[in-house]
Amino acid sequence: MAIPASSGATANAIPSPLAAEIAAARGAVANVVPILRHLLRSDDNSIFSDEIVARVRGMFVDVGRQLVVALAAAAGHSEPEGWAHQAADELAQVLVENPPFLEHFHALALEWQWTVRLERSRALDPVLPPLLQTRMADPDTQASAGAMSLLAAQARFCQFQRRMQLPLGELPGDLLHMALVTLRAHVGTEASADSYALIAERSVRAGIDESRSRLVQMSRVLDAMGGGALAALDIDKAGVALFLTALARGSGLSREAAVMATVDSQLPRLLLALRACGLAPAAVAAAALAFHPDAVLPQGYAELSPGDAAALLGEAGA
């Protein structure tokens with residue numbers, strides 16, 4: 001789903017009441033990673049007991065555990081899971097220092113929070129939304145097979161999020177590489193340790209098929225829809241996961257940035273992103289109010305063309 005062509009106006013020249021609110025939203029986003037890192041490194045869980053922080057911390061520990069298990073198995077350890085129970089926290093603290101990991105895990109935790117909330121408030125099925133049901137019934141066997149694969153991947157995502165876990169195979173390729181490089185650096189330069197880390201890396205890579213990951217499967221489903229992918233921006237039909245992927249693709253945002261645009265303080269960005277996707281103003285309002293039913297929507301987005309909305313979004317550093 002391509003971003004509609006710009007009207008030719010620069011972002012600085014776009015008169016919009018949203019400009020000041022976008023600037024404030026940009027400042028809020030800039031503070032997310034350092035604050036989250038501080039919360040995750042705190043030992044006082046009674047103070048920082050927020051569900052999002054706990055879920056992000058849980059995913060870091062789970063990724064650390066999986067890496068340590070692979071290392072222990074490579075070293076021939078008789079009880080790799082037991083060893084990992086002790087060592088995973090230490091590796092997780094090292095991984096926390098990587099902003100891309102923090103951003104990705106934070107986005108997944110926010111996505112799950114919306115999944116739960118909108119299941120309660122709008123009866124959205126977290127695994128099988130109407131759009132996916134329709135794709136599964138498509139007479140095109142490839143389209144239906146892709147939808148069924150996504151169904152399985154989304155079901156796994158829900159199971160793992162309930163446990164505050166994330167399989168290594170669900171990491172984007174760049175983050176998986178970063179995790180494995182971090183593991184090798186963490187074990188030190190001693191020849192035997194580095195050798196075990198290299199064996200563990202090969203084992204992990206051999207066991208992962210990135211094409212089976214949930215994020216890749218969602219992109220495939222939207223690709224197969226062609227021009228009809230705009231329908232995924234109807235959250236009641238598409239569900240949270242497909243909606244967020246469609247929002248990212250249509251607006252030119254990263255998926256993490258698209259998820260971040262759904263939080264309360266980022267409502268101006270959400271409106272711009274939806275308009276940049278090409279949605280009509282009424283549909284933009286409907287989508288925004290699905291997330292924020294009591295919000296008073298900022299003025300100005302309806303007058304912007306999709307191209308101008310995309311330009312203003314880019315100017316805001318989105």
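How do the residues of the lining of the largest cavity divide into nonpolar, polar and charged? The points below address this and related features of the internal space.

1. The model under review is predicted. Within the structure there are 4 cavities of 30 Å³ or more. Two of them, the largest and the second largest, are described here.

2. The largest cavity encloses about 140 Å³ of space. Its lining comprises 15 residues, and those lying nearest its centre are P126, P129, Q154, A238 and A241.

3. In answer to the opening question, the lining of the largest cavity consists of 11 nonpolar residues, 3 polar residues and 1 charged residue.

4. As to secondary structure, two helices, α7 (141-162) and α11 (235-251), each contribute at least two residues to the lining of the largest cavity. The largest share comes from α11, which provides 5 residues.

5. For the second largest cavity, the volume is about 40 Å³. The residues that line this cavity are H104, L108, F157, L166, E170, R214 and L215.

6. The helices α5 (99-122) and α10 (214-225) each supply at least two residues of the lining of the second largest cavity. By class, this lining divides into 4 nonpolar residues, 1 polar residue and 2 charged residues. E170 and R214 are the charged members, H104 is the polar one, and L108, F157, L166 and L215 are nonpolar.

Definitions and conventions: Residues are numbered from 1 along each chain as its sequence is written. This is a predicted model: local features need pLDDT of at least 70, side-chain atom pairs count only at pLDDT 80 or more; totals for chains, interfaces and linings use all residues. Side-chain values use heavy atoms; hydrogens and water are left out. On a 1 Å grid over the protein atoms alone, a cavity is a set of points where a 1.4 Å probe fits but cannot get out, and a pocket is an open set with protein on both sides within 12 Å along at least five of seven lines; lining residues have an atom within 4 Å of a point. Grid points are joined across faces, edges and corners, and a volume is the space filled by probe spheres set on the points. Helices (H or I, at least four residues) and strands (E, at least two) are DSSP runs, numbered from the N terminus.
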